[in-house]
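Here are my notes on the model, point by point. Please read them with the coordinates open.

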Amino acid sequence: MSQDRTKELLEQVLADLYERQRESSMPTGDSFLEAQDGQYLGKITADRYDNSSILNEYGPYGSPYSTTSIFNNYSDYGSPYGSNSVNNPYCSLPPKLIVNGRSVGCVTTNPYVVDRIPTETFFHLLRTDIRALLSGRIPESAGELRRSKGESYIEGGDGTFLGKLNPNRFDPESIFNRFGRYGSKFSPDSIFNRFSTFGNQLNVLSPYSRLSANPPRLYVKGEFVGFLTKNGNKRPRVDPDDLLSWAEQRVGKFG
């Protein structure tokens with residue numbers, strides 16, 4: 001039996017297991033995510049061992065293999081093409097976030113949805129500040145949240161997070177991590193990928209475009225310090241070719 005076939009069978013077994021878990025113990029709780037089709041998508045809780053938790057990576061709502069998980073890139077709730085997905089930029093009826101029994105907004109990448117909670121903001125709060133999420137204090141953008149927490153990072157001209165500036169090569173979000181999402185020259189989200197949106201010198205959102213009027217911005221400890229761009233008319237600015245050495249001098253290793 002081929003490795004691909006074995007992997008496919010294992011994933012199907014896991015999917016069936018999560019479905020039985022979901023059906024046998026429909027979770028309760030005042031704070032949770034719910035799809036517009038009525039599907040429960042997990043409890044908002046810091047207890048990662050709770051089978052109902054959206055953060056339990058082995059449970060029916062947190063596993064990347066579960067059909068009821070927003071972390072499954074192939075499910076209707078996590079796929080960029082899913083009709084009920086938090087990651088579909090065209091989804092008009094995305095999942096609702098219920099906090100203490102009250103709907104506080106819809107988690108979506110679609111910028112035109114009323115009462116929108118950006119998916120990136122939701123994920124960031126889940127990982128770093130679930131108490132704020134449970135209190136209903138949700139910033140309008142992940143950038144606003146990062147600035148309020150005094151983080152050092154790059155933000156695209158369209159608001160896209162492009163990586164942390166801290167020189168910790170083991171941080172999965174650091175631009176110094178050559179194998180990470182924002183530091184790899186093969187990643188579609190990295191400015192170091194010359195074929196990506198933010199690395200292509202012909203794209204107006206790229207720091208390598210000499211004509212960009214809206215290049216990425218640099219924030220150090222939550223404060224705007226300049227533009228990351230080859231456009232000499234933007235001030236203050238940092239040349240993208242000098243970014244790594246600039247960040248090593250300006251940002252603490254764990255800052």
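1. Which element supplies the largest share of the lining of the largest cavity? The helix α4 does, with three residues. Keep in mind throughout that this is a predicted model.

2. The cavity itself. The structure holds one cavity of 30 Å³ or more. The volume of the largest cavity is about 40 Å³. Its lining consists of E120, A142, G143, R146, Y153, E155, G159 and F161. By class, that lining splits into three nonpolar, two polar and three charged residues. Both α4 (142-148) and β6 supply at least two of the lining residues.

3. The hairpin beside the cavity. Strands β6 (residues 153-155) and β7 (residues 161-164) run antiparallel and are joined by two bridges. Across the pair, E155 stands opposite F161 in β7. Both E155 and F161 are also among the residues lining the largest cavity. Five residues lie between the two strands of this hairpin. There, G159 adopts a positive phi near 95°. G159 is one of the cavity-lining residues too.

4. The sheet that holds the hairpin. What is the order of the strands in the open sheet of five? The order is β7-β6-β8-β9-β10, and the pairing is mixed. The edges are taken by β7 and β10 (237-238); each has a single partner strand, so one side of each is left without a neighbour in the sheet.

5. The largest pocket. Its volume is about 940 Å³. The pocket is lined by 28 residues. Nearest its centre lie T109, E120, T160, F161 and R181. Two or more lining residues come from each of β5 (116-118), α2 (119-128) and α4. The helix α2 gives the most, with five residues. The lining divides into eight nonpolar, nine polar and eleven charged residues. Note the overlap with point 2: E120 and F161 lie nearest the pocket centre, along with three others, and E120 and F161 also line the largest cavity. The helix α4 likewise appears in both linings.

6. The second largest pocket. How big is its volume, and what is the make-up of its lining? The volume is about 430 Å³. Its lining has 17 residues, and I54, E57, G62, F71 and F123 are the closest to its centre. By class, there are nine nonpolar, five polar and three charged residues in this lining.

7. S85. Is S85 buried or exposed? S85 counts as buried, because its relative accessibility is 0%, below the 20% cut-off for that class. The residue sits in the loop between β2 (40-43) and β3 (96-99). Beyond residues up to four places away in sequence, S85 touches D76, Y77, G78, S79, P80, C91, P94 and P95.

8. Q36. This residue is placed in the loop between β1 (32-34) and β2. Q36 counts as partly exposed, because its relative accessibility is 32%. Leaving out neighbours within four places in sequence, Q36 is in contact with N84, L93, P94, K96 and C106. One of these contacts, P94, is also touched by S85. For K96, the separation along the chain is 60 residues, while the C-alpha atoms of Q36 and K96 are separated by 7.0 Å.

9. The chain as a whole. The secondary structure comes to five helices and ten strands. Of the 255 residues, 49% count as buried. The chain exposes about 13,700 Å², and carbon and sulfur atoms supply 50% of that area. Among contacts between residues at least 6 apart in sequence, 34% join residues at least 24 apart.

10. Where to look when checking this note. Start with α4, which supplies three residues to the lining of the largest cavity. Then go to α2, which gives five residues to the lining of the largest pocket. Finish at β7, an edge strand of the sheet with a single partner.

Notes:
Residues are numbered from 1 along each chain as its sequence is written. This is a predicted model: local features need pLDDT of at least 70, side-chain atom pairs count only at pLDDT 80 or more; totals for chains, interfaces and linings use all residues. Side-chain values use heavy atoms; hydrogens and water are left out. Two strands pair if DSSP finds at least two bridges between them. Helices (H or I, at least four residues) and strands (E, at least two) are DSSP runs, numbered from the N terminus. Buried means under 20% relative accessible area, exposed over 50%, partly exposed in between (1.4 Å probe, protein chains only). Contact means heavy atoms within 4.5 Å. Accessible areas come from the Shrake-Rupley method with a 1.4 Å probe; for residues, only the protein chains shown count as cover. On a 1 Å grid over the protein atoms alone, a cavity is a set of points where a 1.4 Å probe fits but cannot get out, and a pocket is an open set with protein on both sides within 12 Å along at least five of seven lines; lining residues have an atom within 4 Å of a point. Grid points are joined across faces, edges and corners, and a volume is the space filled by probe spheres set on the points. Ala, Val, Leu, Ile, Met, Phe, Trp, Tyr, Cys and Pro count as nonpolar, Asp, Glu, Lys and Arg as charged, and the others, Gly among them, as polar.
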